[in-house]
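Welcome! Please take a moment with the sequence and the model, and then we will walk through them together.

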Amino acid sequence: MRTFRGWTPTLDVSENKDAFVVKAEIPGVDSKDVSVALENQRLTIKGEKEHEKEDKDEHYYRMERTYGTFARSIHLPASIDGSKVTAGFKNGVLTVTLPKAPAAKGNVIPVKAE
């Protein structure tokens with residue numbers, strides 16, 4: 001799902017044996033304006049980038065910076081242990097670590113020699 005008015009954050013999703021890691025670039029947004037939710041193996045990141053107030057004495061020749069609300073959702077291919085999910089925000093990058101549920105990690109079955 002992608003909904004946006006003017007812009008949407010870019011995502012990187014990686015996986016290791018224990019967890020998925022999602023990194024979202026959200027420049028110009030304060031961490032208090034971002035929310036993260038996990039439901040049925042679907043991660044949703046929502047927020048809003050506020051439009052800066054324009055000075056009435058300035059005349060813009062070009063405005064390329066975007067603003068508005070955004071929401072990104074991605075489906076994760078394995079079960080997640082929701083009680084251990086963490087999210088951090090630093091330098092405009094949101095990092096969400098989603099540990100896999102024990103069943104999603106699989107089991108290694110030792111083979112015994114007879």
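The paragraphs below go from the whole chain to its strands, its core and a pair of polar residues.

Keep in mind from the start that this is a predicted model. The chain holds 1 helix and 8 strands. If you follow the sequence from its beginning, these elements come in the pattern β-β-β-β-β-β-β-β-α. Of the 114 residues in the chain, 28% are buried. The chain exposes about 8600 Å², and carbon and sulfur atoms supply 48% of that area. What share of the contacts with a separation of 6 or more comes from residues 24 or more positions apart? The share is 57%.

Let us turn to the strands, beginning with an open sheet. It is formed by 4 strands in the order S2-S3-S8-S7, and their pairing is antiparallel. Which strands are at the edges? They are S2, covering residues 10–15, and S7, covering 86–90, and each of these pairs on one side only. On average, neighbouring strands of this sheet are turned by 15° against each other, with direction ignored. You can look at one of these pairings in detail: S2 and S3 are joined in the antiparallel sense by 6 bridges. Within that pairing, serine 14 stands opposite valine 21 in S3.

Next, find strand S4 at residues 34–39 and strand S5 at residues 42–49. These two strands also pair in the antiparallel sense, over 6 bridges. Glutamate 39 stands opposite arginine 42 in S5. The hairpin of S4 and S5 has 2 residues between the strands, and in this hairpin asparagine 40 takes a positive phi near 50°. S5 has another partner to look for: 8 bridges join S5 to strand S6, residues 68–75, and the two run antiparallel. Here lysine 49 stands opposite glycine 68 in S6.

Now look at the nonpolar residues. The largest nonpolar core has 17 residues, and the members that touch the most others are Val22, Ile26, Leu43, Ile45, Leu76, Leu94 and Leu98. Which strands each supply at least two residues of this core? They are S3 (19–25), S5, S6 and S8 (93–99). Valine 22 makes a good place to pause. Not counting residues up to four places away in sequence, valine 22 touches Leu11, Asp12, Val13, Leu43, Ile45, Ile74, Leu94, Thr95, Val96 and Leu98.

Our last stop is a pair of polar residues, threonine 44 and serine 73. Threonine 44 is found in strand S5, while serine 73 has its place in strand S6. Is serine 73 buried or exposed? Serine 73 counts as buried because its relative accessibility is 9%, which is under the 20% cut-off. Threonine 44 is buried too, with a relative accessible area of 15%. What joins the side chains of these two residues? A polar contact of 2.8 Å does. Apart from its neighbours within four places in sequence, threonine 44 is in contact with Ser35, Val36, Ala37, Arg72 and Ser73.

As you look along the strands again, one general point may help. In a regular strand, side chains alternate between the two faces of the sheet.

Terms used. Residues numbered from 1 in each chain as written. Predicted model: local features only at pLDDT ≥ 70, side-chain atom pairs only at ≥ 80, totals over all residues. Heavy atoms only, no water. Pairing = 2+ DSSP bridges. Core = buried A, V, L, I, M, F, W, Y, C linked by side-chain atoms within 4.5 Å. Buried < 20%, exposed > 50% of the residue type's maximum accessible area, 1.4 Å probe, protein only. Contact = heavy atoms within 4.5 Å. Polar contact = N/O pair within 3.5 Å; in protein donor to acceptor, adjacent residues only side chain to side chain. Axes fitted to C-alpha atoms, helices over the stretch in contact; angles between N-to-C directions. Areas by Shrake-Rupley, 256 points an atom, 1.4 Å probe, with all protein chains shown as cover.
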